[in-house]
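Dear colleague,

Please find the structure below, followed by a short account of the ligand surroundings and the cavities.

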Amino acid sequence: MPEPLLDVRDLRVSFRTRTGAVTAVDGLSFSVAPGEVLGVVGESGSGKSVSMLAVLRLLTNPNVTVSGEVLFRGRDLLALPDKEMRAIRGREIAMVFQDPMTALTPVYTVGWQIAEQIRAHEQVSRKKAQARAVQLLSDVGIPDAASRVNAYPHEFSGGMRQRAVIAMALSCSPALLIADEPTTALDVTVQAQILDLIRELNGLGSAVVLITHDMGVVSQIADRVLVMYGGRAAEEGPRRAVFHGPRHPYTWGLLDSVPRVGGARLRRLPTIAGMPVSPGNIPEGCAFAPRCRLRHDRCEERPALSGDTHLDACWLPPDDRAALRLTARSSASAATDMDTEAAS
Ligand SMILES: Nc1ncnc2c1ncn2[C@@H]1O[C@H](COP(=O)(O)OP(=O)(O)OP(=O)(O)O)[C@@H](O)[C@H]1O
Ligand SMILES: [Mg+2]
């Protein structure tokens, strides 16, 4: 195993709110090897964005507490002086935010912002940086980049803004790109272009953490997959292992709820019963237990993430999982049939 580029250990993030403390990330550990693409999936609210913002130390609100270790090339980012952290952000680790507007300032032109990003980390003239900005905008597929470089963010469409943010992230060929839902708001053709850009960057040696709801995207691009639930890792492993032999009942649910071309025609796609946990009341034991059809007494105790290269946090006997998945699936479809009958 190569030395990880990013090694996150026991990361915890909690927010102090009016109704008490909420734990959004609860003992999350994962690592990213140099040049690897890690796909991070999980329902809305599972702590994907918050954990990556914590990695980059962008949660500056005084009501936030972050603990654990975030080792980047062996140095703990959480313990680094601000100045060194700023040098790493953008230069070595770039982030594409879930909302591209947060990454662009409305009062400066897009080109100026990209050029400044380049100049913050490299000693180049303003003119050269501007020329690089035009090239980058054209690389990410902005038509007529030479004139669009002088436009303000509000003059760009949502997809163009997203591409401009990606151009910014690409500007310094970071060792690690963290992309949070970079394709969600885009139509499928632009989506494909953005994925190609990410692949290209990865081909040049950058590691990528790609957060997405889209299992199809993960199946195309990720080397490894991290499945999050309730601020914790439910499963982690090589892409093929996770897609072909998912081990955690939550991952079963995620994969079963994706329609398959050429698969059996279902009256209704299976869904995961129940509601996602809210960070204010994550159970002490397995976070998924309240929604799990296979829960048992042991689940009141929190399962550790265990395994060799394919890890999962579940108390079910590992050898019986495939058979148990079928049982869970048939009881889920029986319940769906009853719902359908009741509704008709
Ligand atoms: N400033 C905050 N104060 C209190 N709670 C917060 C704050 N920011 C985030 N949270 C909570 O932390 C949890 C995790 O949020 P996060 O944005 O990481 O989810 P996510 O997995 O990225 O979801 P999505 O897929 O919708 O982007 C959520 O329940 C959210 O309500
Ligand atoms: Mg998010």
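**Ligand 1 and its surroundings**

A polar backbone atom of Gly45 lies 2.8 Å from an oxygen atom of ligand 1, a polar contact being a pair of N or O atoms within 3.5 Å. This is a predicted model, in which local features need pLDDT of at least 70, side-chain atom pairs count only at pLDDT 80 or more, and totals for chains, interfaces and linings use all residues. Residues are numbered from 1 along each chain as its sequence is written, chains are lettered from A and ligands numbered from 1 in the order in which they are written, and side-chain values use heavy atoms, without hydrogens and water.

For Ser44, an N or O atom of the side chain is 2.5 Å from an oxygen atom of ligand 1. The protein covers 67% of the 640 Å² of accessible area that ligand 1 has on its own (Shrake-Rupley method, 1.4 Å probe). Helix 1 gives the largest share of the shell around the ligand, three residues (helices are DSSP runs of H or I, at least four residues, numbered from the N terminus).

**Cavities**

A cavity is a set of points on a 1 Å grid over the protein atoms alone where a 1.4 Å probe fits but cannot get out. There are four cavities of 30 Å³ or more, and the second largest has a volume of about 80 Å³, volume being the space filled by probe spheres set on the points. Its lining comprises 15 residues (each with an atom within 4 Å of a point), and Pro249, Cys286, Cys292, Cys299 and Cys314 are the closest to its centre.

Yours sincerely

Technical notes: A polar contact is a pair of N or O atoms within 3.5 Å; within protein, one must be able to donate a hydrogen and the other to accept it, and residues adjacent in sequence count only if both atoms are side-chain atoms. Helices (H or I, at least four residues) and strands (E, at least two) are DSSP runs, numbered from the N terminus. On a 1 Å grid over the protein atoms alone, a cavity is a set of points where a 1.4 Å probe fits but cannot get out, and a pocket is an open set with protein on both sides within 12 Å along at least five of seven lines; lining residues have an atom within 4 Å of a point.
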